[in-house]
Amino acid sequence: MKLLPNPRRRPAAVLAAVLGVVLALSGCGIPDNTEVTKVGRGPSPGFATGDDGAPPRHERDATTEISEFVRYYLEAAGGDPDSALERVQKFLSPSAAATFKAPSEIKVVHLADTPLVNPGSDKVTLKVQTLGVLGHNGVLGPAPDTGIQTYELTVAAVAGKDGLFVTKAPPVLLLSDEALNTFFQRRTIYFWNHEFTALVPDVRYLPADMPSEQVPQQIIKWLIEGPSNWLRPAVEPLPEGTALLGNVPAVADDTLQINLSAQALEPPDDPKALDRLRRQLQWSLKPNLSRVLELKIGNEEQNDYDSDDYLTSNPTYRLEDPPERFLIYNGQIRRMSRTPGATEPIPVIRPEANRNVKAAALARSPGDRRYAALVTAEGNRQVLRVGGTALGDRTDLQRVALPGGSTGQPAWAITSDDPQTGAIGLITVAGKLYSFSADGSPVRAVSWPGPPGWISAVAVAPDGRRIAIVVGGKLYLTAMTADGDGPHLPTYWPVQVPALRSVSAVDWGTESSLVVAGTRADRDRVAIIDTALDGTDSTEPQPDIGTETVTYLAAYPVSPVSGKPSPDVVQYMANGAAFDVLSGPVRISVGDLADPVTNPPTGMVPTSPFFLR
């Protein structure tokens with residue numbers, strides 16, 4: 001379990017202090033009295049008293065019940081990362097605290113069982129599943145170990161002191177996933193893709209007890225520091241040398257002021273570069289934005305932004321709600337009733353091409369183009385038919401041969417408004433991953449850099465760069481890059497979903513969460529789980545849907561401005577039948593077709609539901 005080497009990577013443990021280190025900058029065309037906030041580790045001032053929104057914290061002497069004490073111990077590392085070690089040491093006996101040494105990174109763990117306390121013994125056994133390693137930069141990176149690990153604590157009283165103490169502890173900072181979600185806020189910052197056509201989300205963890213006036217400065221430092229390692233190959237970091245000039249002052253007159261060094265714009269005289277930068281800042285700072293963003297670059301005049309036009313830079317925001325819904329019935333793509341466009345023709349494809357269809361994907365570009373990919377039966381083989389055209393037009397589809405073997409659901413990834421650029425999609429065939437394009441060129445094998453196994457599902461985020469993939473029953477995230485040689489997956493990140501023993505299907509529910517289906521960890525039943533990208537938080541919209549494997553799942557992501565934590569529409573396939581998740585589940589029937597079917601063929605049922613995305 002690792003991230004593969006990448007020449008563009010920087011060390012994952014680049015540390016960002018809460019208030020930074022203020023340096024005097026000379027040269028570079030910046031006045032001598034201008035201060036630059038350098039991204040790097042510095043002395044932590046801690047968080048101010050009266051922190052707004054700070055969650056209550058359990059102290060060491062809050063309980064004398066051992067199991068509860070251990071749970072409080074697993075909370076101690078949560079909060080300001082620079083004082084995590086100090087908070088943990090408060091739970092240790094004086095002798096244990098004096099010798100306790102641990103890496104600064106925090107292991108986020110899920111308790112696989114309740115802490116085992118043996119009567120008459122001071123030893124406590126913890127069985128945990130490590131979900132990731134939290135660094136000072138707010139990134140939860142992949143854990144070096146998988147499966148269930150066992151830790152032992154010694155918990156006892158200390159002569160002359162009240163309460164319990166940890167008298168012996170493993171040399172590691174442990175934080176439960178429950179405490180992670182209590183003492184940190186999940187925040188999303190954004191980086192442009194290489195083509196500068198869309199912003200790509202990057203999840204970070206912000207201490208919940210950080211005063212709100214300090215948050216914008218921390219977010220900007222994370223942006224300057226660059227993207228997470230697994231995402232780095234697919235996005236553009238800020239230009240080298242970008243620095244924050246001074247501190248970000250508290251909002252005044254409904255204005256948030258940000259001053260960045262001249263290096264933040266590359267090229268410096270490109271107005272598009274400035275527009276991209278402010279959109280990136282506005283999305284990354286969205287929860288903290290005031291009415292006006294005042295942005296000053298180097299010695300240039302300030303620019304004020306007070307509109308919400310930046311919202312369109314996020315593809316998830318551009319998704320229309322509610323979605324246009326489709327399925328396959330009797331070898332044809334059909335629209336579903338009671339959904340937008342129910343009476344309109346099928347996009348892109350001509351009516352005579354809508355036959356012998358086994359699976360399909362429809363996508364929209366940021367502008368006015370639409371794309372279609374159809375898996376169709378041709379004798380004893382399956383072929384792919386692809387095409388793209390302007391909104392409202394129809395076009396002939398190009399035939400693309402597929403390797404032999406079972407074929408999965410196609411998915412469009414990168415779409416373009418330029419007919420010459422076209423679009424790129426992904427599909428699984430016989431447990432391997434292939435890419436295709438809208439021009440009908442041959443499919444290309446896409447090398448999977450992770451552990452070997454049968455690839456059973458692939459799902460593309462609305463940004464077109466982040467990919468969720470199921471390999472050998474395990475869930476991974478990867479970031480896609482594309483050049484003249486086709487798509488590549490340079491890195492991968494294993495995602496552990498504690499509620500599931502194995503995963504069979506996946507799709508994106510929001511820009512920072514997934515909907516996954518698989519076999520439960522606690523019994524041989526199938527469930528559908530809504531989980532954070534890193535597996536640290538989840539809900540169970542369908543905790544038990546029987547024993548049939550979910551072979552395909554389709555969710556329609558909700559906009560990040562909707563305030564919704566999960567998608568409104570989720571559909572899946574099991575045992576050859578299609579179901580709606582959030583209202584039952586309820587089996588999708590012929591009666592759900594927009595065009596009524598008279599005398600439907602016996603045994604013919606709707607399959608492979610999907611959306612225009």
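These questions and answers deal with Thr510 and the second largest pocket.

User: What kind of model is this, and how are residues numbered?
Analyst: This is a predicted model; local features need pLDDT of at least 70, side-chain atom pairs count only at pLDDT 80 or more, and totals for chains, interfaces and linings use all residues. Residues are numbered from 1 along each chain as its sequence is written, and side-chain values use heavy atoms, without hydrogens and water.

User: Why is Thr510 called buried?
Analyst: Its relative accessibility is 8%. Buried means under 20% relative accessible area (exposed is over 50%, partly exposed in between; 1.4 Å probe, protein chains only). Therefore Thr510 counts as buried.

User: What makes the link between the side chains of Thr510 and Ser513 a polar contact?
Analyst: The distance is 2.6 Å. The definition asks for a pair of N or O atoms within 3.5 Å; within protein, one must be able to donate a hydrogen and the other to accept it, and residues adjacent in sequence count only if both atoms are side-chain atoms. The Thr510 side chain also reaches the backbone nitrogen of Ser512, at 3.1 Å.

User: Which residues does Thr510 touch, not counting those up to four places away in sequence?
Analyst: Val558, Lys564, Pro565 and Ser566. Contact means heavy atoms within 4.5 Å.

User: Which residues lie nearest the centre of the second largest pocket?
Analyst: Arg186, Thr188, Thr510, Ser512 and Lys564, out of 27 lining residues. A lining residue has an atom within 4 Å of a pocket point; a pocket is an open set of points on a 1 Å grid over the protein atoms alone, where a 1.4 Å probe fits, with protein on both sides within 12 Å along at least five of seven lines.
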